[in-house]
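Let's take a walk through how the parts of this assembly meet. Have the sequence and the 3D view open while you read.

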Amino acid sequence: MPLRGATCGFCGLLCDDLEVEVDGAALRVVRGACARSEAALAALGAVVDPVPRIAGKPASLDAALAATVEVLRAARRPVIGGLDVDVAGMRSVLALARRIGAVVDHAGGSIKYRNLHVLQEFGGITTTFAEARNRADLVLLVGDGWWRRFPRFVERILAPNGTERRIVTLSALDPATRLTLPKDADVLALDAPLTGMPAVCSMLNALVEERPVKPARLAGVTPQALQRCAEWLRAAQYGVIVWSAADLDWPHAELTVQAIARLVRTLNGTTRFAALPLAGSDADLTANAVQTWQSGVPLPASYANRSVDFDPNRYALRNVLARGEADALLWVSSLSGAAPPPVPGMPCVVLTRADVELDTAANVQIPVATPGIDAAGHLLRGDKVITLRLPRLREGGPPAVSTVLDLLLARLG
Amino acid sequence: MLTRLSGARIVDPAHGTQQDVRDLYVRDGRMVDRPRDGERIDRTWDAAGTIVMAGAIDLHTHIGGGKVNIARGLLPELGRQHSLAATDVCGACTIGPAPSTLATGYRYAAMGYTACFEPAMLPVNARQAHMEMGDTPIVDKGAYAMLGNDDFLLRLLADGANRAEIRDYVAWTLHATQAIGIKVVNAGGISAFKFNQRSLDVDEAHVHYGITPRTILRELARAVHDLGVPHPLHVHSSNLGVPGNVDSTLATIDAAEGLPIHLTHLQFHSYGTEGDRKFSSAAARIAEKVNASPNVSVDVGQILFGQTVTASGDSMLQCRNSRHGRPPKWVVMDIECDAGCGVVPFRYRDRDFVNALQWAIGLELFLMIRDPWRVFLTTDHPNGGPFTSYPHLIKLLMDRSFRNGVLASINPEAAAMSALGSLEREYSLHEIAIMTRAAPARILGLEDQGHLGPGAAANIVVYEPHPDPEVMFATPRWVFKDGELVAERGEVKTVICGAIHTVKPDFDRGIERKLKGWFEQHHTQSLSSFKIDDEEVCECGRAPRLAVHACRARTA
Amino acid sequence: MSALKFVLRHSPPSAVDVSGLRPAMLAGKSRKEIAQLSLTGWNEVHRVGDLFAVRGDDAQRIVIDGADERLVRIGAGLDSGELTVVGAAGDYLGESMRGGSIVVRGDAGALIGAGMRGGRIDVSGNVGAFAGSGRAGTLQGMAGGVIVVRGNAGDRAADRMRRGLLLIEGNAGDYCASRMLAGTTVVLGRVGIDAGYLMRRGTLVLGRSPHELLPTFNHNGWHDLLAIRLLLESLAVYGKRFQSFARSRPSLSRWLGDLGCDGKGEILIAPGRP
Ligand SMILES: [Zn+2]
Ligand SMILES: [Zn+2]
Ligand SMILES: [Zn+2]
């Protein structure tokens, strides 16, 4: 059975050390596996010859494209959502958006942009995976789900190199993950409840700056642990705060992110400190980066009226749909397998991962290649600096997003 | 396909100083001497009464790569206020302090620029840089890879590696990142910042590796020279923006030990500490040294008043200068055992003493450095100001009374401290053509750019003479790129994709064994993921052509 | 002369930027000329005359009648004159206004008075989130002028507020006065969770005790300071409820914070039911 080197595109770590056994369509990770790659490869490996559908019925790609052109021609206010696509796919998405005057947003917009809002309204001091791996002598972990979202983070970033590290877990840590922490690491567990996270982060700022606060007023964490945490933060040579914005899943969580960014900036005044927001999954950073360089403004954006505009309030996919402004939805998704939000009564064209079966009756469904499986593709890694090329693993399979969209563009004229 | 451009006055310094009126011929995108016997002329452009130059080349402009994109993302509220609506050929985009790649390509081309060089490509970020440059339409592109703060090289130097090994590593980096040159930014300082060292002068030791910037500069300059890379080591000196940094800059020149080096955005490195405010111009001292050092070329990094954003690899100094930023939001990054970056918005104000003096210092350098072949016209876009202000800058250089008029309007204390008012020099058209065309092509080793001789790429800019040089240079009548009309009177006519320019010096691939181990130990990607091959760079960079320029190795 | 009146004929399918309907843009134009002006929606351009029935002639007094939330940026950039909205106003009402007054008889959307520097906005109903704040990416919210909301305000009222007065008769949502930089915000009703989060300076007056105050605010005692009394008395001109609040001469409990962010802001809380 042929073994192929592979890069896992199913979380923002973009681990490039995988070996995958390819047996016809079937795929099995034999080295570098994580829960996310195993699940995705099992699902994708079980699909043979996915076909486009029109109103649920199998159709040729040609007919599906023709039906899509009809939908897009009739639409005056189209939205393009999803956007878990590679760089080439996003380039094509934007070309199409310009052509049809669409609003574009990533599926996870409201969650994923928490960090971006803070960048735009505060700034930040950040670091990358190799810096954290080689230099961090203190790592503060925030949130209660990053180990599911970024399964190999501990193995690849925290564990190697025998660097002596102190590790602070702000939220309760999953026991299995705790076992994988380096044996010699000093661990301080605060186990703060998620609901108190805004207050905890503000309190840490106050303690680090030695303001006259009473940590005892904070519910759910002992004042001693908080004080200890502040001492550790101040004593670090190279401290790193890690979180995944998706874990901070409450309204206005960007304020908490800003409190973290502020803590980093303060500590950086005397020692070295940096943030490492884990992101990049579902190509959120990829989509945003391509949009930002091509147009000069980030997502969510509108290409209405032959110009481009940025406004998270007006163009967030959720808001546009809630206000009933759009009259067609084009959903483009090649990595996550996420289905589009329900849009009853609205024409809907869906480009999806080959294994996705829609229960909603989209007008048109076209299976597309997943980057790193059925097509090569470029994705931005979670630390925002490195772009990797995910090689293709197997022959055959559906066409790449960019291929489908470029065909569409050609037909739209 | 043969095209004739008739009746223009040709300003082509690569081929001498005479500016005669003659016809130019283009066959299939290249300049030719004259038609073959009996060859039909397919089209004639009547250029009578115009001034023609080769396409301009910007050898230092931050057009692509992570930090530029961070700058865009940092300032969406300003970007959206400068919207460029779509036309029949151009896509909708914005041109804020950090312009979109689309706007960058359109505006450069409309201004008569046909090649742009990104000066600070982080090796680990090279793919993205090539992608952004690929989405910068019309113009040709190239990039300098940043070395001198990467742990691999610093460790080699600390361990006393031999020169051959350093040379191989430099060459390997050029290949792996598809670069045309090597830049060093605050040698060792970006790395030292990761160990909480907040400043590092040329002869200070890096707190962890124990080596000095002087060593790094000397060894990199030597390696680049020995490999025969045409462009000398591109140097962003130590202590950017710090009053009194003139001494570091002079020491940097000495560190090259006579080997060729290019000092970039020199304006930011020409500061003294005289006067009540302990901030003064040291342009005269710097210019004197540059004039006396034929191995040194420079670009100025002129500042122009207004809102901009600074994006630099120099995380150490950007962090330090962040308190002057406006609006007060900024980003600093440590990057992947490789380098760093810092993005700080700035609003240069003509009433502000420091800003006004910075403005004057840049112009002093332009006027005091005598040889136009060794001083290049840049604003270090966007750090000193946007590239769109080049026509204004040209006017400042060509028109003394205009220059003195502006001088009279800036902060009077700064104006009084500057020698600018006494400098009589006015640049000629010929000199402008040298510093924006012939000289950058020569110093980058671009044999077929920056001139209009036979074999050159048919990058031709047709200007209508105007008493106001700013008007003349802002909107040329026609801009041809590889023989195609791409812009007319400031409007883009055709959108094409430009080539990528690189060098590929010979080296011993044995260096990869050492690198492979290093990557496995310290990096979070494999060596093979890191390297970009020719096919991939053309795909990422949407390049119809990879132009590989010759290197002539200078070692046995 | 009678007020220049725009009566909405039908609700447009997408948000339409109507900032052009303000005195500086309309003064000196005939009704016919005004009807020919265009307003931009999403891939569509509306003639003013198609979207509105235009009546009256005094461009210093403008009325938008039958308005709904599709009309966005009403009065944006206003610098003088009066603008009255009957019905609902969309987002960005009075964005960046510098003078004049806007009265809404009805509700208004999110981000009213975003980045405003002067003038007055009076809304009889409720308003959305981010009242008196600023557009995404800007570092400062409202930097002058007065906003009075007779109903309730959404979350993040006074976020990044820099100067001026934001008065809310009803309740305010979560994170009221988050990241506030300066200025004064008064909420006579209840506020949601985490009021004053990352507040740097400025004053937030609460007519009722919140359920819980952030632990990074420290109690600074009970005050009936002259400065505070003058502040309260100055509010009396903004209507009966502010008048009676001031007259009750409450002794205010003063809290300083957010100590996680410089801590130079104050929350003044009147005694009373949470
Ligand atoms: Zn994985
Ligand atoms: Zn530089
Ligand atoms: Zn530069």
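Start where a strand of one chain lines up with a strand of another: strand 8 of chain A (residues 123–126) runs parallel to strand 18 of chain B (residues 330–335), and 4 bridges join the two. To find the spot on screen, look for Thr126(A), which stands opposite Met333(B) in strand 18 of chain B. Keep in mind throughout that this is a predicted model.

**Chain A with chain B**

That strand pairing is a good way into the A/B interface. Here 53 residues of chain A are in contact with 58 residues of chain B. Together they bury about 4,700 Å², with carbon and sulfur atoms giving 49% of that area. Which three residues of chain A supply the most area against chain B? They are Arg272(A), Trp293(A) and Arg306(A), and they account for 15% of what chain A buries there.

Arg306(A) turns up again when you look at charges: its side chain meets that of Asp88(B) in a salt bridge, 4.0 Å from N to O. The count for chains A and B is 7 salt bridges, and 42 residue pairs are in polar contact, both partners at pLDDT 80 or more. On the chain A side, helix 5 (residues 129–135) brings the largest share, 6 residues. By class, the chain A side splits into 19 nonpolar, 19 polar and 15 charged residues.

**Chain C with chain A**

Now swing over to the other partner of chain A. The contact between chains C and A takes 40 residues from chain C and 45 from chain A. About 3,400 Å² is buried between them, and carbon and sulfur atoms give 49% of it. On the chain C side, Trp42(C), Asn43(C) and Pro215(C) supply 22% of the buried area, more than any other three residues.

How many salt bridges are counted between chain C and chain A? The count is 8. One pair to click on is Arg135(C) with Asp311(A), whose side chains meet in a salt bridge at 3.2 Å, N to O. There are also 27 residue pairs in polar contact across this interface, again with both at pLDDT 80 or more. The side of chain C that touches chain A has 19 nonpolar, 10 polar and 11 charged residues.

**Inside the chains**

Chain C is split into domain 1 (1–59) and domain 2 (73–269), with their C-alpha centres 31 Å apart. Where they touch, 7 residues of domain 1 of chain C and 9 residues of domain 2 of chain C take part. They bury about 560 Å², 57% of it from carbon and sulfur atoms. In domain 1 of chain C, Ser19(C), Arg22(C) and Pro23(C) lose the most area to domain 2, together 58% of what that side buries.

There is 1 salt bridge between these domains of chain C: Arg73(C) and Asp17(C) meet side chain to side chain at 3.0 Å, N to O. The polar contacts come to 3 residue pairs, both at pLDDT 80 or more. The domain 1 side of that contact has 4 nonpolar, 1 polar and 2 charged residues.

In chain A, the domain assignment gives domain 1 (50–109 + 282–412) and domain 2 (126–267). Their C-alpha centres are 35 Å apart.

Here are the salt bridges named above, side by side:

| Salt bridge | N to O distance |
|---|---|
| Arg73(C) – Asp17(C) | 3.0 Å |
| Arg135(C) – Asp311(A) | 3.2 Å |
| Arg306(A) – Asp88(B) | 4.0 Å |

Note on methods:
Residues numbered from 1 in each chain as written. Chains lettered and ligands numbered in written order. Predicted model: local features only at pLDDT ≥ 70, side-chain atom pairs only at ≥ 80, totals over all residues. Heavy atoms only, no water. Domains from an automatic or database assignment. Contact = heavy atoms within 4.5 Å. Buried area = accessible area lost by both parts, 1.4 Å probe. Polar contact = N/O pair within 3.5 Å; in protein donor to acceptor, adjacent residues only side chain to side chain. Nonpolar A, V, L, I, M, F, W, Y, C, P; charged D, E, K, R; others polar. Pairing = 2+ DSSP bridges.
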